[in-house]
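Colleague: I should like a close look at one part of this model, explained step by step for someone new to reading structures. Please begin with that part and then follow its surroundings outwards.

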Amino acid sequence: MDIDREHYDIIIIGTGAGGGTVGHELAPTGKKILLLERGEFLPREKDNWNPTEVYQNHRYFTDEKWCDKDGNTFSPQTCYWVGGNTKVYGAALLRLRERDFEEVQHRGGISPAWSLKYSDFAPYYTRAEKLFNVHGKRGEDPTEPSTEADYPYPPVSQEPFMQGIVDKLSEIGFYPFHLPVAIKLNEVDETLSKCIRCDTCDGYPCLVHAKGDADVNCVRPARVYPNLTLMTGARVDKLYTNESGGEVTGVETEINGQKRLFSGDIVVVSCGAINSAALLLRSGNDAHPDGLANSSNQVGRNFMKHLATAIVALQDRPNEANYQKTIGLNDYYWGEPDFPYPMGMVQNTGNVKPHMMPAEAPPLLAPYVKFSPETLLDDLAKHTTGWWLQTEDLPDPNNRVQWKNGKLHLDYTPNNTEARDRLIYRWTSILKAVDRSTKHVVPFGIYPRNYLPLSAVAHQCGTCRFGDDPQTSVLDLNCRTHDIDNLYVVDGSFFPSHAGVNPTLTIVANAIRVAEHLKERLGVGMSAAVGARN
């Protein structure tokens, strides 16, 4: 193994929402930083906006295989690029509600309280929204948490078709709101706008770099600092500790087929909740026989990924909106009068394109539409509106990541499903009520079922929960492992519960918070950062 003799103040493993943000925040300190990313920069190519390549051929997802709880292999819908999964995320960035940080009774069980509360995250949420170019409007969503700061950018305007949906929902007593999204859009002066309001926004890479992601917003700006080194194509396989097990002393990395060993004073892991847990588990040694930082036996446990459902409403009239991901609705977030349990969130998907639908869709849907068979997919796409429903799944120690016989195993059984099913039923009824031209509501074509499969792991979190008690948590409140003094985890692993909104903004806010702690630990103040850039 090639031992790198150059020592770093900080090694960050992973460049997604957590690792990319920490790198961005620490780069101005002048500290020597190594940023390791197993992938490369995602190529800018026409296929970025090709629905066949993105949704059917899974061009930008990894080709590795994981195992489910029965030992069957599957292809995870996750990607390894600079910026991590934010390169293909939908860019909906919302704060957890205040009550999400408290213990909440669900129909399917208890969502546990966090040791920190909304007030502890609030200032970092504000910074995260600015860092990721979030567009939104305060005061429209009744469940919105309190804040004195407005969104840094105005809401994305509704096109006429989408505004019609908003108006009809409002007329019957609902509270639709502008979905907060991270895009670089200037609707006052389009000549200054990177975003062009294209019809391939959501789960696509952005060809024009107009999506707020961890690559474009964090890693690239950080690279101008000479004290930060980014190594791509660098897969971290194992962490080594000293004999006592109290300190990470080596980061084993494979680059171009060659093993290299790096050392750093502080090691920050941010590989995504699944891969971060797998890295700790496969790094076990004599001092940590069950995996690093796993004296609590909690590493890999309590995996969550949301109970998500993608559906489309089929209408007689065409949906002419070019950019459709603009509506959010939380009226059922905390339940309804005869079901006093959280049900979850509703939001738009991006535009439904013909080749996002599987081959079996036309015969399945033909009885419900009056279009010619030859052009059925094209006609369907023009007459659809996509919706994304997500319900909180609850932490379960048996839902876990394991590393067995050199393979990653993901054991997951959905829970809290009654709340999910109720939300689907309610929203399907509402769609038909607000638009009489809606003839049918069907599963979103990119998945053959209503419910997203195990392979859909975009909202992964919970495998290294933080807390005060080392017996029941992996990380302390600064996201440092209880067992190892210089090891931190800053992706969605730290979540004790999932909440019902998208997790990315909370991951970014937490990463900013942890970066502030690391500055204190390293003895770096704001004055020390002045002039660090070349």
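Modeller: The account below starts with one helix, H4, and then moves to what surrounds it and to other parts of the chain. Please keep in mind throughout that this is a predicted model.

Helix H4 comprises residues 160-171. A simple check of its geometry compares its length with what a helix should give: at 1.5 Å a residue, its twelve residues should span 16 Å, and the end C-alpha atoms are indeed 16 Å apart, so the two agree. The expected span is 1.5 Å times one less than the number of residues.

The next step is to ask which residues of H4 are buried. They are Phe161, Met162, Ile165, Val166 and Leu169. Viewed down the axis of H4, these buried residues lie within an arc of 145°, and therefore they line one face of the helix. A general rule helps in reading such a pattern. An α-helix has 3.6 residues a turn, so residues three or four places apart point the same way. On the other side of H4, Pro160 and Glu171 are exposed. Just after the helix, Gly173 adopts a positive phi of about 100°.

What, then, covers the buried residues of H4? The cover includes strands S14, S15 (327-329), S16 (345-348) and S17 (384-391), together with helix H9.

H9 (residues 417-434) can be examined in the manner used for H4. With 18 residues at 1.5 Å each, H9 should span 26 Å, and its end C-alpha atoms are 26 Å apart, which agrees. Its buried residues are Ala419, Arg420, Leu423, Ile424, Trp427, Thr428, Ile430, Leu431 and Val434. Because they cover an arc of only 165° around the axis, they are placed on the same side of H9.

Buried residues may also be considered across the whole model. In soluble globular proteins, nonpolar side chains tend to be buried together. Here the largest nonpolar core has 113 residues, and Ile13, Leu36, Phe132, Leu239, Val251, Phe262 and Leu410 are the ones that touch the most other members. Helix H10 (residues 504-521) contributes the most to this core, with nine residues. Apart from it there is another core, of 24 residues, which includes Met343, Val346, Trp387 and Ala419; Ala419 was listed above among the buried residues of H9.

Val251 shows what such a central position involves: leaving aside residues up to four places away in sequence, Val251 touches Ile11, Ile13, Leu36, Val236, Lys238, Leu239, Arg260, Leu261, Phe262 and Val267.

H10 also packs against helix H3 (residues 118-131), at an angle of about 110° and with the axes 8 Å apart. Angles from 65 to 115 degrees count as roughly perpendicular, and H3 and H10 are therefore roughly perpendicular to each other. H3 makes this contact with Asp120, Phe121, Tyr124, Tyr125, Arg127, Ala128, Glu129 and Leu131, while H10 offers Leu505, Thr506, Val508, Ala509, Asn510, Ile512, Arg513 and Glu516.

H3 reappears in the cover of helix H5, alongside helix H1 (17-26) and strands S2 and S10 (228-231), which are included there too. H5 (residues 214-222) is largely enclosed by the rest of the structure, because seven of its nine residues are buried. These are Ala214, Asp215, Val216, Asn217, Cys218, Val219 and Ala222.

Loops complete the picture. The loop between strand S7 (134-135) and H4 contains Glu148. At 86% relative accessibility, Glu148 counts as exposed, since the cut-off for exposed is over 50%. Its C-alpha atom is separated by 9.7 Å from that of Pro123, 25 residues apart along the chain.

Two further loop residues deserve a look at their backbone. Most residues other than glycine have a negative phi, and most peptide bonds are trans. Ala91, although not a glycine, has a positive phi of about 65°. Ala91 sits in the loop between strands S4 (73-74) and S5 (104-106), and at 1% relative accessibility it counts as buried. Asn297 likewise has a positive phi, near 60°. Asn297 lies in the loop between helix H6 (273-282) and strand S14 (307-315), and its relative accessible area of 38% makes it partly exposed. S14 leads back to the starting point, as one of the elements covering the buried residues of H4.

Conventions: Residues are numbered from 1 along each chain as its sequence is written. This is a predicted model: local features need pLDDT of at least 70, side-chain atom pairs count only at pLDDT 80 or more; totals for chains, interfaces and linings use all residues. Side-chain values use heavy atoms; hydrogens and water are left out. A nonpolar core is a set of buried Ala, Val, Leu, Ile, Met, Phe, Trp, Tyr and Cys residues joined through side-chain atoms within 4.5 Å. Buried means under 20% relative accessible area, exposed over 50%, partly exposed in between (1.4 Å probe, protein chains only). Helices (H or I, at least four residues) and strands (E, at least two) are DSSP runs, numbered from the N terminus. Contact means heavy atoms within 4.5 Å. The arc is that of the directions from the helix axis to the C-beta atoms. Axes are lines fitted to C-alpha atoms, for helices over the stretch in contact, and angles run from 0 to 180 degrees between N-to-C directions. Angles under 35 degrees count as roughly parallel, over 145 as roughly antiparallel, 65 to 115 as roughly perpendicular and the rest as oblique.
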